[in-house]
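Visitor: Please take a close look at one part of this model, the smaller sheet and what lies across it. Then place that part within the rest of the chain and its partner.

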Amino acid sequence: MAIAAKNLTNPLDQKAWDAVCDLPDPEVPVLTIEDLGVLRSVHVQEDGAVTVTITPTYTGCPAMSMFAFDIEAALLSAGFKKVDVKTVLNPAWTTDWLSEKAREKLKAYGIAPPNGKASRRALFGEEQVCCPKCNSANTSRISEFGSTACKALYRCNDCSEPFDYFKCI
Amino acid sequence: MMKDQALFTYCMRLADDSAIISQRLSEWCGHASHLEEDIALTNVALDHIGHARELYTYAGQIEGKGRDENALCFHRVEREFANLLLVEQPNDDFAYAIMRQFLFSAFMHPFWEAMKASKDEQLAGLAAKAEKEAAYHLRHSAEWVIRLGDGTEESHNRITDALEFLWMYTGEMFECDEVVSSLVAKGVAVDPMSIKHLWVETVNSVLTRANLERPAQSWMQTGGRGGEHSEHLGHILSPMQYLQRSFPQAQW
């Protein structure tokens, strides 16, 4: 696993983690909140209350309230009585947290996974993005922004497939 | 007495900048030049909404009077808003919206980069996220400035008009009053003059590539930080605040 978010010291924490880790992203349903690295930590207090910490992919990500709602519902149905979902910005989410497995899942779903490391900061750099259908590197960008904050729009010049690219941040 | 009046004021200024520019960008929803651009402008708006919400929430905590993001964004009047005059300027033309975003993002990208080193953990944490988003805003708007400036005679004329009109609102970004300087001294705020050379560099290089001439140094408008706005702000707040004023308990 590529992220170091998980730090479970007791079996109850593990139980709570297991209850929420497979919740899907509403916009990219092949990825879970664990795959994405949105789920940062789960802690069950002595009185049985669960504190779950999540972090947004983008600060304005509208999926965050849905995540919080789904997490609360999942924990309540797993038998926990009180749930508190906290959102933190620090450390800042990065596509570097996406595991290899998550990248493969994205590609199989038709979304080109983020390319390389997130440190690139050129004003006019062109990213080389490969088509998730035919693997061709001969692609062109249609728009810097896509159907959600985390994606851009590309087109394959070889197989003509338009596709989403998971932006590298 | 509030624990930190200066920090509250500083956060509110940044929050208002983000809220107002996001509202201006949101006005393009369903109206932009083509579908991809419609999505792009509203995506940028969404990032700014995210920044505004974080900053209003934090400001409310500093103030300690129980005002949350909803109260601070939707239940204040024009004179209480402290945003830059630049961000409230109208969308008269697509070129105006692009130039406004470019001049603002060319400042905000190095601003958030510098803010990452703030001694205030909340601001530094937000900066680490916002800097990545601002890099996209800058790239997107800069590419459009070049496309319009280096495009047809019509597009060149329109982006030139936008540049000449908006230029007088750029000076305000570099103002440094008592609020800013006291927080700079504490290592909390970013000294805007320390990043001015980066802004100038970006603006010069993009304008050159766009075949646009940088306007001569002129008199700069001011007043936004003190709540003295152009006539446009009230017309922005009216639709923006309508829902929460009609239903005062409505949540974001």
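**Helices and sheets of chain A**

Guide: Helix H1 of chain A, residues 11-20, lies across strands S1 and S2 of chain A, and the helix runs at about 135° to S1(A). The model is a predicted one. A second helix, H3 of chain A (residues 63-77), lies across S2 and S3 of chain A, at about 155° to S3(A).

The sheet under these helices is open and has three strands, in the order S1-S2-S3 of chain A, with mixed pairing. Strand S1 (39-44) and strand S3 (83-87) of chain A are at the edges; each has a single partner strand, so one side of each has no neighbour in the sheet. From one strand to the next, the twist averages 15°. S1(A) and strand S2 of chain A, residues 50-54, run antiparallel and are joined by five bridges. Within that pair, A:His43 stands opposite A:Thr51 of S2(A).

Chain A as a whole has four helices and seven strands. Read from the N terminus, its elements run α-α-β-β-α-β-α-β-β-β-β. Chain A has 169 residues, of which 38% count as buried. Among the contacts in chain A with a separation of 6 or more, 53% are between residues 24 or more positions apart.

The other strands to consider form an open sheet of four, in the order S4-S7-S6-S5 of chain A, again with mixed pairing. Its edge strands are S4 and strand S5 (139-143) of chain A, each of which pairs on one side only. S5(A) runs antiparallel to strand S6 of chain A, residues 151-156, and four bridges join the two. One position in this pair is A:Arg141, whose bridge partner in S6(A) is A:Tyr154.

Helix H4 of chain A, residues 100-109, has contacts with this second sheet. Its residues A:Ala102, A:Arg103 and A:Leu106 are buried. These residues lie on the same side of H4(A), because they cover an arc of only 100° around the axis. An α-helix has 3.6 residues a turn, so residues three or four places apart point the same way. A:Glu100, A:Lys101, A:Glu104 and A:Ala108, on the other side of H4(A), are exposed. The buried residues of the helix pack against strand S4 (111-112) and strand S7 (162-166) of chain A, and also against helix H2 (33-36) of chain A. After H4(A) comes A:Gly110, which has a positive phi, near 100°.

That leaves the partner chain. Contacts between the chains involve 24 residues of chain B and 17 residues of chain A. On the side of chain B that touches chain A, helix H2 (35-63) and helix H6 (121-149) of chain B each supply at least two residues. The largest share of that side, 14 residues, comes from H6(B). By class, the side of chain B that touches chain A has 11 nonpolar, five polar and eight charged residues.

The largest nonpolar core has 121 residues; those touching the most other members are A:Val20, B:Cys11, B:Ala15, B:Ala59, B:Ile98, B:Met99 and B:Val145. Helix H5 of chain B, residues 94-115, gives the largest share of this core, 15 residues. Leaving aside residues up to four places away in sequence, B:Val145 touches B:Ile98, B:Met99, B:Phe102, B:Ile159, B:Val206 and B:Ala210.

How values were computed: Residues numbered from 1 in each chain as written. Chains lettered and ligands numbered in written order. Predicted model: local features only at pLDDT ≥ 70, side-chain atom pairs only at ≥ 80, totals over all residues. Buried ≥ 20, exposed ≤ 12 C-beta atoms within 10 Å, placed from the backbone. Arc of directions from axis to C-beta. Contact = placed C-beta atoms within 7 Å. Pairing = 2+ DSSP bridges. Axes fitted to C-alpha atoms, helices over the stretch in contact; angles between N-to-C directions. Core = buried A, V, L, I, M, F, W, Y, C linked by C-beta atoms within 7 Å. Nonpolar A, V, L, I, M, F, W, Y, C, P; charged D, E, K, R; others polar.
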